[in-house]
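Colleague: Could you give me a close look at one well-covered part of this model, and then work outwards from there? I'm at the bench most days, so keep it plain.

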Amino acid sequence: MLYLLDFRNIDLSRQGLYKLRFQILNAFPYMRLEQLGVVKKQSNQSRSENIGNYFISNPFWVRYEDEYVQINDGCIFRLDVDNTKENIIIIELLHCDSRIAERVDVEDIEWKSISSFRIQLNNLNDLNKLLVPVDFSQNESSLLNLMIFSCPLNIKDAQVHDIERLRSVSTKLCDFYKTTIKSFVSNPLQFQYSLSQLLNQLPEDVEPQLRINNISLNMYQNWYNFIQLLPTISDKIYQQEIKLYYQELNMKYNDFIIHSQIRIENNNLLNLMRNTWNRNLYKMDIEPLNLLDSQPILKIQSLRQSFEQAKWENHLVIFVHGYKGSQFDMKRWKNAFRIRYPNIHTFIPISNQRIAGDNIDRMGFRLKEEVLAYIQCFGKFDKISFVCHSLGGIIVRNALIHLKSIKDNLLWYISLGTPHLGLPKNLGMVSAGLWVMTSLIQDISMVQLALKDCKNKRNGYMYNLSLSNGLQQFQRVILVGSQQDDYVPCAVSTVQPMVLDSIAKQKIYDEMLHNLQLPKNTSRIDVDFQLNQNWDRFVGRAAHMQLVENYTMINMIINSI
């Protein structure tokens, strides 16, 4: 059974009328919940329907950012359990432009599929239940909260050797129904008669076929009792099941996360981790298929493992783009945070958008003014966090010098490929590009990052910034880099020792490393990507941009902190 709770517009690119279309391979939609009378009937123009092998939800309008739409719709699918076939749920987001939808009847609309999501059902011989936040963010940033329940019901043709397994499933279903009533129903006494009618298991000396029929009757009764109850308690079940989903998700991600107190540079280990056919990976009974599309591997080095749980109420998260960037660079991070933590406030400053060649001090001042204006406009926040890419992390550190009024509210600082110790070392084409930027074009911010703004390096911008204590004001700092990043060396972005080619450079680097004090709650994450052979990789920017573009990595980091 598929039960659709609600749909949330995170950052859809278009207004209009939407539908959701569901198909389960090798299955047939035989009954909508509306037909059972457990959900409210819709008008003929907006009701859900079964067409062939598809279940299609009732249409709904989306007009505003962050708009919630209550759906409360669903369908029961029937399929024969065949362990040789894949049972995959395919969910499509269908759209019709508002200008067309307002002029024609719903039945005459030509719907366009704009995004899709796939879920695999792995264990149909048992009772399964899971809430899945269907995240369409790769293409159209939106979220469907979908509950999935599966149970083997038509078991009258089962064999004698299946009785123990089926009795176990029946007991689970009965216990689940009883627990659901006890935990979520405000007046459990109203279900006393229903509970008293639950049939008991027949003793083992009864004929096997009668025992199988008894188990089957038990399961049918409990199954449909639960379906009748579900719409009235779906919100309460959601609160419980969403926690269980993210617990399972973390177990899935942990197969591709290495926790260590030291830096890991063993490529053979990384290759072995990617050889998934040789590993006993954790498998969810109901598993979204896009969880590990690109298989990034996170190597997490923490100075301290115990952290205070973040408070997401009245919490502002500010996303700052990098050099010559725009607000679109940070949208995947912003959308992922909003999906995982729906109560947070998010803000992407634009005052330094597309700006090149400016002094970091001026860019920091513009950011400071924009942040203060936002806070003045929307009120004081209990907690403020920053997520920064590349140069954006340096600009934030500069702005913090002047943001004295919020220092007691600072919670997290997450930097992605930020040159915290300047750019003392580059490879290949990046080195040539940096020479052009600093020597010919004389881009001021690049000159400052390359430590070429003063003959005496200790008078330079980056050296003086290392003496500020901005990062120590945060309760937690997460430094993310990649050894595949040719723009910003991983040691620089994660603030660690590095060997340079001259004694003078080495001394300045080591002094800046010593100056840059970090809070006790600091984590360093080195991400290893599966990179394609393309132009970005040739010029050295592929891994640097993956830090803001790789949606799998983004979700792994958000769920690990």
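**Helix α9 and its surroundings**

Modeller: The buried residues of α9 pack against β15 (315-320), α8 (360-378), β17 (383-389), β18 (410-416), α11 (444-449) and α12 (461-466). Before going on, some housekeeping: this is a predicted model, so local features need pLDDT of at least 70 and side-chain atom pairs count only at pLDDT 80 or more, while totals for chains, interfaces and linings use all residues. Numbering starts from 1 along each chain as its sequence is written, and side-chain values use heavy atoms, with hydrogens and water left out. The element names are DSSP runs numbered from the N terminus: helices are H or I of at least four residues, strands are E of at least two.

Now, α9 covers residues 391-400, and 10 of its 10 residues are buried. Buried here means under 20% relative accessible area, exposed means over 50%, and partly exposed sits in between, using a 1.4 Å probe and protein chains only. The buried set in α9 includes Leu391, Ile394, Ile395, Val396 and Leu400, but also Arg397 and Asn398. For the wider setting, 55% of the 561 residues of the protein chain count as buried, and the chain holds 17 helices and 20 strands. Its accessible surface comes to about 26100 Å², with 48% belonging to carbon and sulfur atoms; that area comes from the Shrake-Rupley method with a 1.4 Å probe, and for residues only the protein chains shown count as cover.

One of the neighbours of α9 is β18, so let's step onto that strand. Leucine 416 is found in β18, and it counts as buried because its relative accessibility is 0%. Leaving out residues up to four places away in sequence, leucine 416 touches Met330, Trp333, Val387, Cys388, His389, Ser390, Val480, Leu547 and Val548. A contact is a pair of heavy atoms within 4.5 Å. The C-alpha atom of leucine 416 is also 9.0 Å from that of threonine 494, 78 residues away along the chain. Long-range links like these can be put in context: of the contacts in the protein chain between residues at least 6 apart in sequence, 78% join residues at least 24 apart.

Trp333, touched by leucine 416, takes us to α7. The axes of α7 (residues 331-340) and α17 (residues 551-560) come within 10 Å and cross at roughly 45°. Those axes are lines fitted to C-alpha atoms, for helices over the stretch in contact, and the angles run from 0 to 180 degrees between N-to-C directions. The two helices are therefore oblique to each other; the scheme calls angles under 35 degrees roughly parallel, over 145 roughly antiparallel, 65 to 115 roughly perpendicular, and the rest oblique. α7 passes α17 in a right-handed crossing, meaning that the near helix is turned clockwise from the far one by less than a right angle, whereas an anticlockwise turn makes it left-handed. On the α7 side the contact is made by Arg332, Trp333, Ala336, Phe337, Ile339 and Arg340, and on the α17 side by Tyr551, Met553, Ile554, Asn555, Ile557, Ile558 and Asn559. By type, these residues split into nine nonpolar, two polar and two charged. Nonpolar covers Ala, Val, Leu, Ile, Met, Phe, Trp, Tyr, Cys and Pro, charged covers Asp, Glu, Lys and Arg, and the others, Gly among them, are polar.

α17 has another partner, α5: their axes come within 10 Å and cross at roughly 115°, in a left-handed crossing. Here Tyr246, Leu249, Asn250 and Tyr253 of α5 meet Asn555, Met556, Asn559 and Ser560 of α17. The residues of this contact divide into four nonpolar, four polar and no charged.

Back towards where we began, two loops are worth a glance. Lysine 324 lies in the loop between β15 and α7 and has a positive phi of about 55° although it is not a glycine. Its relative accessibility is 43%, so lysine 324 counts as partly exposed. Arginine 354, in the loop between β16 (345-347) and α8, also has a positive phi, near 65°. With a relative accessible area of 56%, arginine 354 is exposed.
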